[in-house]
Amino acid sequence: MPIWGQVTGCECAWCDRGEFRATFLVKADHIVCSNCGRTRSCKPPIMGVVYAECACCGRGEKTSFVVDSEGTYICTNCGRRR
Ligand SMILES: [Zn+2]
Ligand SMILES: [Zn+2]
């Protein structure tokens, strides 16, 4: 189910405060954190959110990735694409 409005439960490096989970609003060509306003470029709609380890964040913890319409995984925490 494509997501156009917002994605919740995401990690955001600038907003990371313990259990805090950011909400990203889905725009035409990026997502933007509703809390701090930082953006991550992607190709909406968002097809889903997956939780996995990000080699770039490197914390050994799961972070959140959004999957965009081209099948690209974008780490909401650091912006890495894969
Ligand atoms: Zn944020
Ligand atoms: Zn990352």
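Two residues count as in contact here if their C-beta atoms, placed from the backbone, lie within 7 Å. Keep in mind that this is a predicted model.

Q: Leaving aside neighbours within four places in sequence, which residues is A22 in contact with?
A: Go by the C-beta cut-off of 7 Å and skip anything within four places of A22 in sequence. One partner, C10, also stands opposite A22, which sits in β2. The full set for A22 is C10, E11, C12, C15, C33 and N35.

Q: How many bridges join β1 to β2?
A: Strand β2 covers residues 22-26 and runs antiparallel to β1. The C10 and A22 pairing belongs to these two strands, with A22 in β2. The number of bridges joining β1 to β2 is 3.

Q: What is the strand order of the open sheet of 4 strands?
A: Its pairing is antiparallel. The edges are β1 (6-10) and β4 (39-41), each pairing on one side only. On average, neighbouring strands are turned by 25 degrees against each other, direction ignored. The order reads β1-β2-β3-β4.

Q: Which strands are the edges of the open sheet of 3 strands?
A: This sheet has the order β5-β6-β7 with antiparallel pairing. An edge strand pairs on one side only, and the twist averages 40 degrees from one strand to the next. The edges are β5 (48-53) and β7 (73-75).

Q: What is the bridge partner of F65 in β7?
A: Strand β6 spans residues 62-67 and runs antiparallel to β7, with 3 bridges joining them. Among the pairings into β7, F65 has as its bridge partner C75.

Q: Which strands each supply at least two residues of the largest nonpolar core?
A: That core has 12 residues, including C10, A22, F24, F65, V66, I74 and C75. Both members of the F65 and C75 bridge pair are in the core. The strands supplying at least two residues each are β2, β6 and β7.

Q: How many helices and strands are in the chain?
A: Read along the sequence, the pattern is β-β-β-β-β-β-β. The tally is 0 helices and 7 strands.

Q: Why does the chain's radius of gyration agree with a compact globule, and what is its value?
A: A compact globule of 82 residues would have a radius of gyration near 12 Å, so the chain's value agrees. The C-alpha atoms fill a box of roughly 30 × 25 × 20 Å along the principal axes. The chain's radius of gyration is 11 Å.

Q: What percentage of the contacts with a separation of 6 or more comes from residues 24 or more positions apart?
A: The count takes contacts in the chain with a separation of 6 or more, then picks out residues 24 or more positions apart. Those account for 33%.

How values were computed: Residues are numbered from 1 along each chain as its sequence is written. Chains are lettered from A and ligands numbered from 1 in the order in which they are written. This is a predicted model: local features need pLDDT of at least 70, side-chain atom pairs count only at pLDDT 80 or more; totals for chains, interfaces and linings use all residues. Two strands pair if DSSP finds at least two bridges between them. Axes are lines fitted to C-alpha atoms, for helices over the stretch in contact, and angles run from 0 to 180 degrees between N-to-C directions. A nonpolar core is a set of buried Ala, Val, Leu, Ile, Met, Phe, Trp, Tyr and Cys residues joined through C-beta atoms within 7 Å. A residue is buried if 20 or more other C-beta atoms lie within 10 Å of its own, exposed if 12 or fewer, and partly exposed in between; C-beta atoms are placed from the backbone. The radius of gyration is taken over C-alpha atoms; the globule rule is 2.2 Å times the number of residues to the power 0.38.
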